[in-house]
Amino acid sequence: MGRVGTWEAWQPDPRNPKQEVAMLVDVSECIGCKACEVACKHWNQNEARIEGFTGSYQSHSNLDAKTWTLIKFTEYEDPESGDIRWLFQKHNCMHCTEAGCVTACPTNALQYGDYGVVTLDQDACIGCAYCEQACPFDAIHVDRTAWDQKAQKAGKCTLCYDRISNGLQPACVKTCPTDCIKYGDRQALIEWGRKRVEELKARGFKNANLYGEHELGGLHELYVLTEPPEVYGLPVNPRVDWKVKAWKYAVQPIGKAVMGAALFGMAINWLAARRAFASAGARAGQGDSGHEGE
Ligand code: SF4
Ligand code: SF4
């Protein structure tokens with residue numbers, strides 16, 4: 001099948017925001033060069049973070065509020081041949097169809113946007129970090145290094161929404177020297193990914209699989225993997241925790257109802273007090289005028 005060049009010119013239909021776009025990472029073609037990390041930092045003006053040596057060629061130990069895409073290195077020992085291989089996986093927000101972060105966010109800073117992108121409005125973010133707890137992929141983080149607490153905002157991959165909504169490719173896709181990150185219509189990428197899996201199997205990668213087609217209602221970051229997902233640290237059956245759903249669909253509405261009832265009670269109290277005050281004033285006025293008349 002080889003390289004696919006046809007995605008280069010692709011752009012979503014601006015008249016159809018319901019169209020689902022996606023990125024597909026074919027890990028079998030990734031060389032771990034980290035050009036995508038640099039392009040992401042450059043386009044989004046996220047400063048570099050210097051970390052000490054952690055015993056890995058990975059540039060950062062994890063994603064953080066200013067590091068939105070990361071090539072994860074896994075040293076993998078093939079159980080059959082005993083060969084050691086390096087596996088690379090581009091890690092970032094998966095733009096889930098059922099996103100734990102969107103469910104958890106109390107201020108609606110996280111929302112489902114056009115083209116299947118999960119958007120983050122940093123102005124509405126209060127830095128509570130509920131999204132961090134709710135994300136099954138550990139893909140969103142709050143900046144705890146900001147000196148001002150009000151500047152402690154969440155950060156994550158935006159799928160370059162500012163670029164794709166203007167007909168451009170995501171920055172990481174544009175820069176990848178091996179074209180292993182593909183961007184396009186989600187369904188077309190799924191079909192391409194299925195064929196690629198079959199091709200890899202025929203070449204001896206018997207564990208090749210497509211990840212992201214069904215997980216959490218469908219991810220907008222898809223992977224062609226050569227080994228099972230857990231080898232890369234990807235959850236096999238990711239779920240939004242029931243406690244997060246309970247918080248959103250039971251605790252929050254009850255809290256709002258209680259708050260509404262309390263405000264309603266206060267308003268009634270205030271009106272009753274005002275009325276009592278007014279009638280007391282009127283009675284006092286009548287008393288005064290009666291006295292004057294005597
Ligand atoms: S990967 Fe995490 S941060 Fe991204 S949409 Fe899914 S739940 Fe939200
Ligand atoms: S940290 Fe921000 S984005 Fe995350 S849940 Fe809290 S308000 Fe929402």
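Is Pro 136 buried, partly exposed or exposed? Let's start there. This is a predicted model. In it, Pro 136 has a relative accessible area of 26%. Buried needs under 20%, and exposed needs over 50%. So Pro 136 counts as partly exposed.

Where is Pro 136? It sits in the loop that links α3 (130–134) to β6 (141–142). Now look along the chain. Val 240 is 104 residues away from Pro 136 in sequence, yet their C-alpha atoms are separated by 6.9 Å. Leave aside neighbours within four places, and Pro 136 is in contact with Leu 216, Pro 235, Pro 238 and Arg 239.

Next, the ligands. Take ligand 1. It is surrounded by 13 residues. The closest are Cys 93, Met 94, Cys 96, Cys 101 and Cys 135. By type, that shell holds ten nonpolar residues, two polar and one charged.

Now ligand 2. Again, 13 residues surround it. Here the closest are Cys 105, Cys 125, Cys 128, Ala 129 and Cys 131. What is the make-up of the shell around ligand 2? Eleven nonpolar, two polar and no charged residues.

Stay with ligand 2 for a moment. UniProt, in an unreviewed entry, lists a "binding site" at Cys 105, Cys 125, Cys 128 and Cys 131. These four are spread over 27 residues of sequence, but they cluster in space, with a largest C-alpha distance of 10.4 Å.

Two of them in detail. Cys 105 is in the loop between α2 (100–104) and β4 (110–112). Its relative accessible area is 9%, so Cys 105 counts as buried. Beyond four places in sequence, Cys 105 touches Leu 110 and Lys 248.

Then Cys 125. This one is in the loop between β5 (118–120) and α3. Cys 125 is buried too, at 10% relative accessible area. Its contacts, leaving aside neighbours within four places, are Thr 107, Ala 109, Lys 153 and Ala 154.

On to another set of cysteines. Which residues does UniProt list for the other "binding site"? Cys 30, Cys 33, Cys 36 and Cys 176, also from an unreviewed entry. They span 147 residues of sequence, but the largest C-alpha distance is 10.6 Å, and they cluster in space.

Cys 30 lies in the loop between β1 (21–26) and α1 (35–44). With a relative accessible area of 15%, Cys 30 is buried. Not counting residues up to four places away, Cys 30 touches Ile 71, Phe 88, Thr 178 and Cys 180.

Cys 176 comes from the loop between α5 (171–175) and β8 (181–185). Buried or exposed? Cys 176 is buried, at 12% relative accessible area.

Now the helix, α1. Its buried residues are Cys 36, Glu 37, Ala 39, Cys 40 and Lys 41. What do they pack against? The answer is β2, β3, α5 and β8. A reminder on helices. An α-helix has 3.6 residues a turn, so residues three or four places apart point the same way. Just after α1 comes Gln 45, with a positive phi near 55 degrees.

Two of those partners of α1 are strands β2 and β3. β2 covers residues 70–77 and β3 covers residues 84–91. They pair in the antiparallel sense, over eight bridges. For one register point, take Lys 72: its bridge partner in β3 is Gln 89. The two strands form a hairpin with six residues between them. In that turn, Gly 82 has a positive phi of about 80 degrees.

Last stop, Thr 69. It is in the loop between α1 and β2. Thr 69 counts as buried, at 4% relative accessibility. Which side chains make polar contacts with that of Thr 69? One is Lys 90, at 3.3 Å. Another is Asn 92, at 3.1 Å. Set aside neighbours within four places, and the contacts of Thr 69 are Cys 36, Glu 37, Cys 40, Leu 63, Lys 90, His 91 and Asn 92. Among these, Cys 36, Glu 37 and Cys 40 are buried residues of α1. Cys 36 is also on the UniProt "binding site" list with Cys 30, Cys 33 and Cys 176.

Terms used
Residues numbered from 1 in each chain as written. Chains lettered and ligands numbered in written order. Predicted model: local features only at pLDDT ≥ 70, side-chain atom pairs only at ≥ 80, totals over all residues. Heavy atoms only, no water. UniProt positions renumbered as here; feature names shortened; annotations may be inferred. Helix = DSSP H or I, 4+ residues; strand = E, 2+ residues; numbered from the N terminus. Buried < 20%, exposed > 50% of the residue type's maximum accessible area, 1.4 Å probe, protein only. Contact = heavy atoms within 4.5 Å. Near = heavy atom within 4 Å. Nonpolar A, V, L, I, M, F, W, Y, C, P; charged D, E, K, R; others polar. Pairing = 2+ DSSP bridges. Polar contact = N/O pair within 3.5 Å; in protein donor to acceptor, adjacent residues only side chain to side chain.
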